[in-house]
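Morning, everyone. I'd like to walk you through one model today, so have the sequence and the structure up while I talk.

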Amino acid sequence: MRIVCPKVDLLNGVNIVLKAVPAKTTMPILECIVINASNNNIKLTANDMELGIETIVKGDISEAGVIAINAKIFSEIIRKLPDNDVIIETDSNYKSTIVCEKAKFNISGKSADEFPNLPTIEKGNPLILSQFTLKELIRQTVFSISDNENNKIMTGELFEVTGDELKVVSLDGHRISIRKIKLKDQYDDIKVIVPGKTLNEISKILSGEMDDEVRVYITDKHIVYEFNNTIVLSRLIEGEYYKISQMLSNDYETKVSINKKELLSCIDRATLLVKESDKKPIILNVLDNTIELKINSSIGSMNEEIDIRKEGKEILIGFNPKFLIDALRVIDDEEIDIYLFNPKAPCFIKDKDENYIYLILPVNINASAS
């Protein structure tokens, strides 16, 4: 094999597929990136058996071939080369020579025969989204998946398609995040659970441009994202997702309309007094035209008032400040509505069309804590 690629394009391709190289594995071949220079294109592939990524890199092929090269070593070499064309040559024993300007590396590769190819899936009617929309959907929900591997369902997100609506849901036992968008076309009903790891990695390589499209293909066991000469294929999480409709309620005793930026800044300031190991709640005291926010910790205390519009009863309620911050940071509206029922029931932050809903469970507080 002999190929020539601009360093910037090669490094970009390597960085994309690196996201599917496992940190630990009992199969040494999975620690490799496969370079396949054939069919008039240069394709890089990595696969950790749950997530697989392929991407096409610009370059010239003067001799076709396929090789598996240790991903960590190869990526570090490419990263530190001068910004010029990179020549990669391999011989019949999988010895590789990497040359760029006056730099020359010789490293050993492997046959790619043992490398597990990405499964071929039957492509039906794809969901078509802009890269901006998919990146935003992930950003606005992925923070509330669980990192507890004992409950696999909670480590993924529900992608549910009904007609021309896509709903994305995540939850971790303390909060629920829901985003809904309208699709351009009508689709058959789909309900799958996509691993959070897959979504995190995809969001890092999406351009986020409104004009760039992503085509999403879904089967019983896999989901495939195609964009920018890149294919990301992931196994789905098997099982039935939680019936979240039972957890959502339109009943409320108190509705608060408040400036989002003011509320977020206030809670952010309050957390200066909370160590990560502390489980100190922020206490919200909803009065007629104002909301008092208070926090008490071993470091000190803070209280602040924000003007609001209120419907319904006054209420005193406590929350984990991080959960409020996570939700507020991803809402783009200038003013938000918070719906409260009682000090032990979840609060809902949602817009009137319910394009987003954030449910957050309260923390038990004593009246004396105020």
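So, the open sheet: five strands, in the order 5-1-7-8-9, with antiparallel pairing. And yes, this is a predicted model. Look at the two ends of that order. Strand 5, residues 60–63, and strand 9, residues 103–108, each have a single partner strand, so one side of each has no neighbour in the sheet. Going from one strand to the next, the twist averages 15 degrees.

Now zoom in on one pair in there. Strand 1 covers residues 2–6, and it runs antiparallel to strand 5, with three bridges joining them. If you want a residue to find your way by, take Ile-3, which stands opposite Ile-61 in strand 5. Then there's a helix on this sheet: helix 1, residues 7–18, packs there and touches strand 1 and strand 7, the latter being residues 85–90. The direction of helix 1 makes about 95 degrees with that of strand 1.

While we're in this part, have a look at Tyr-94. Tyr-94 sits in the loop between strand 7 and strand 8, which is residues 95–100. Is Tyr-94 buried or exposed? Neither, really: its relative accessibility is 30%, so it counts as partly exposed. Which residues does Tyr-94 touch, leaving aside its neighbours within four places in sequence? Val-66 and Ile-67 on the one hand, and the run Ile-107, Ser-108, Gly-109, Lys-110 and Ser-111 on the other. There's also Ala-68, 26 residues away in sequence, with 8.4 Å from C-alpha to C-alpha.

Next, the hairpins. Strand 2, residues 32–38, and strand 3, residues 41–47, run antiparallel and are joined by five bridges. Ile-35 has Leu-44 in strand 3 as its bridge partner. The two strands make a hairpin with two residues between them, and one residue in that turn deserves a second look. Most residues other than glycine have a negative phi. Asn-39, in the turn, goes the other way, with a phi near 50 degrees. The side of the story you can see on the surface is that Asn-39 has 70% relative accessibility, so it counts as exposed.

Carry on along the chain and there's another hairpin. Strand 3 pairs with strand 4 in the antiparallel sense, over six bridges, and strand 4 is residues 51–57. Here you can use Lys-43, whose bridge partner in strand 4 is Ile-56. Three residues lie between the strands of this hairpin. What is the phi of Met-49 in the turn? Positive again, about 80 degrees, and Met-49 is not a glycine either. Met-49 has a relative accessible area of 34%, so we call it partly exposed. As for strand 3, which takes part in both hairpins, that strand is mostly covered, with five of its seven residues buried.

Let's jump further down the chain, to Glu-292. Glu-292 is in strand 18, residues 290–296. Why do we call this glutamate buried? The cut-off is under 20% relative accessible area, and Glu-292 comes in at 17%, so it makes the list. Apart from neighbours within four places in sequence, Glu-292 contacts Ile-283, Leu-284, Asn-285 and Leu-287, and also two glutamates, Glu-304 and Glu-305.

Last local stop: a helix pair. Helix 5 is residues 260–270 and helix 6 is residues 321–329; their axes come within 10 Å and cross at roughly 145 degrees. The crossing is left-handed. From helix 5, the contact is made by Lys-260, Leu-263, Leu-264, Ile-267 and Asp-268. Helix 6 brings Pro-321, Leu-324, Ile-325, Leu-328 and Arg-329. Sort the residues of that contact by type and you get seven nonpolar, three charged and no polar.

Okay, zooming out to finish. How many helices and strands does the protein have? Six helices and 24 strands. The C-alpha trace spans about 80 × 50 × 40 Å along its principal axes. There are 370 residues, and 50% of them count as buried. Among contacts with a separation of 6 or more, 67% are between residues 24 or more positions apart. And the accessible surface is about 18900 Å², with 45% of that belonging to carbon and sulfur atoms.

That's my tour. Over to you.

Key
Residues numbered from 1 in each chain as written. Predicted model: local features only at pLDDT ≥ 70, side-chain atom pairs only at ≥ 80, totals over all residues. Heavy atoms only, no water. Axes fitted to C-alpha atoms, helices over the stretch in contact; angles between N-to-C directions. Helix = DSSP H or I, 4+ residues; strand = E, 2+ residues; numbered from the N terminus. Left-handed = near helix turned anticlockwise from the far one by under 90°. Contact = heavy atoms within 4.5 Å. Nonpolar A, V, L, I, M, F, W, Y, C, P; charged D, E, K, R; others polar. Pairing = 2+ DSSP bridges. Buried < 20%, exposed > 50% of the residue type's maximum accessible area, 1.4 Å probe, protein only. Areas by Shrake-Rupley, 256 points an atom, 1.4 Å probe, with all protein chains shown as cover.
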